[in-house]
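Work through the exercises below with the coordinates open. Try each task before reading its solution.

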Amino acid sequence: MTNELLNELTFFVLAIFVGFEVISKVPTILHTPLMSGTNAIHGIILVGAILIAAGADSPVTIVLGLIAVTLATTNVVGGFVVTDRMLEMFKGRQPAKRPAEAPVPK
Amino acid sequence: MTTIITLAYLVAAVLFILGLKQLSSPRGARNGNFTAALGMVIALAATIPLLHFTRAGLVIIAIGVVIGAVVGTVGARMVRMTAIPQMVALFNGVGGGAAALVAVAELLKFGVHPPFAEVFPSVFSIVIGSVSFAGSMVAFAKLQELMTGTPITYPGQQVVNGLLAAAIVGFAIAVIAIAAIPFSFLSLMLLALILGVAFVIPIGGADMPVVISLLNACTGLAVAASGFTLNNFALIVAGTLVGASGSLLTKLMSDAMGRSLANVLFGAFGQVHTAATAAAGAQGRSVRSASAEDLGTLLAYSQRVIIVPGYGLAVAQAQHAARELADVLERRGVDVEYAIHPVAGRMPGHMNVLLAEANVPYEQLKEMDQVNDDFKNADVALIVGANDVVNPAARSTPGSPIYGMPILNADQAKNIIFMKRSMRPGFAGIDNDLMFGPKTVMFFGDAKDSLTKLVSAVKAA
């Protein structure tokens, strides 16, 4: 195994733990926005799409690159905008405070 | 120079983690989205300047980014609040598709015998990304009502799906061990697309949020796998974060519905019969309906009214009318509360968002556990466009697709006003005995019109 692969595996395993830990206490009302937010984050595939599209030189790679970049950009932009639209509704109202201060009503 | 890229990716990864952290508390949720978006901008900004672009490469990237940005912005801005779940499904699907295509493009570069460390993640990304793409498109079609929301099942379905999965494993081994030729990995992709469709069609529309969440986690893993193929740290970390948090979120969502994930995904098999007999049993039974004036009087002289909002309220944009009715009742001294089922609407939290938009005071929004014991003291349970979340079959009929789902005890109220557009069954595609109950009065019509009529009736009473 190369060093690079070992490094990558380390990041991978650590990221799994962080991913579990970071959202473990999310209240129900935020399930949908959180799903939408993580959906936007995997739009990072746009970086990968740009990497493969940059060197496109044959008809096949051009078509693949074009579709990949288009789909990935839709994912990133749409993902963040739609999440923001959902969260707009919570802005400056009581719901924005209460669950954080009193997570267990009973 | 690569040091700069690596450092930028590290900053981006930290911002993604902070963003997720903020997104999971109501106070910081909106900032969390901005934080994650900033991470994305930094990762992209660090990647682009150091690339060697071919002329064609530059052109297709520009075209792709412009089209994607326009489609994404317009789609996300124009969509009605009620249609947001399917929009999320769509954006998730295209991400999965992109991950699969990136892996295909990488495999093409390596020739027939790529090193194992490249080909293994590529194959994984192609399969999972394609399943996620096709599955998300079916979820979109179901929620958009382009196809039926009821589970589609046929005899031998599990065998067919099993064979599909086996064929995919076979092709995957062939690509990894024998030859990574375009024919083999394109076949792999095609089979994975078919599996994505086959996997989602037997799942009922009401369970789509859980499925979308699961496919979201899958896309995250596909992106991470593409990251291994490209040796790209940002893709690995961000994709894995989404894969892990998405899996946990999927579990939390199915917990909120009181179901196991396995029951959500595979529950439809073998239930064709039960659903059919239940539907037949409902034929020919009669329901009571009443005029707005009668119902207005009933409401006006109640002491305690619990409103149960559902998807019908969301579709009719009736949240403002509901608040108006609540205001009128409160001025007459009636106690009004809203009972919010965890999956009311079509997504967890959907209803809270809609009612918050209509300025309903937060104290009136009661979650299921808080409100369920209050129904027996309520004079009226006013069900506005909800159905499955008050269906007693979830408690009493073991064969029902929604058996075991926690429901609101609206049937325990002294009177039940059931506002609905028609007798059509709810999203789960099953009949609701509550409509035929002796305490129940049906009030047919569009939720907004009906509520407005009730407001005038209460004022007149």
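**Exercise 1: strand pairing**

Task: Find how many bridges join strand 4 of chain B to strand 5 of chain B, and state which way the strands run.

Solution. This is a predicted model. Take residues 380–384 of chain B as strand 4 and residues 415–420 of chain B as strand 5. Five bridges join them. The two strands run parallel. Now pick one position: Ile383(B) stands opposite Phe418(B) of strand 5.

**Exercise 2: the whole sheet**

Task: Give the strand order of the sheet in chain B, then explain why one side of strand 3 and of strand 6 is left without a neighbour.

Solution. Start with the order: six strands of chain B line up as 3-2-1-4-5-6. The sheet is open, and its pairing is parallel. Next, look at the edges. Strand 3 (365–367) and strand 6 (440–444) of chain B each have a single partner strand, so one side of each has no neighbour in the sheet. Then take the twist: the average is 25 degrees from one strand to the next. Last, add a helix. Helix 15 of chain B packs on the sheet and touches strand 1 (304–309), strand 2 (335–340) and strand 3 of chain B. Its direction makes about 145 degrees with that of strand 2 of chain B.

**Exercise 3: the chain contact**

Task: Describe the side of chain B that touches chain A.

Solution. Count first, taking contact as C-beta atoms within 7 Å. On that basis, 100 residues of chain B meet 85 residues of chain A. Elements giving two or more residues include helix 1 (2–23), helix 8 (208–230) and helix 15 (350–357) of chain B. Helix 9 of chain B gives the most, with 19 residues. Finish with the classes: 60 nonpolar, 34 polar and six charged residues on the chain B side.

Definitions and conventions: Residues numbered from 1 in each chain as written. Chains lettered and ligands numbered in written order. Predicted model: local features only at pLDDT ≥ 70, side-chain atom pairs only at ≥ 80, totals over all residues. Contact = placed C-beta atoms within 7 Å. Helix = DSSP H or I, 4+ residues; strand = E, 2+ residues; numbered from the N terminus. Nonpolar A, V, L, I, M, F, W, Y, C, P; charged D, E, K, R; others polar. Pairing = 2+ DSSP bridges. Axes fitted to C-alpha atoms, helices over the stretch in contact; angles between N-to-C directions.
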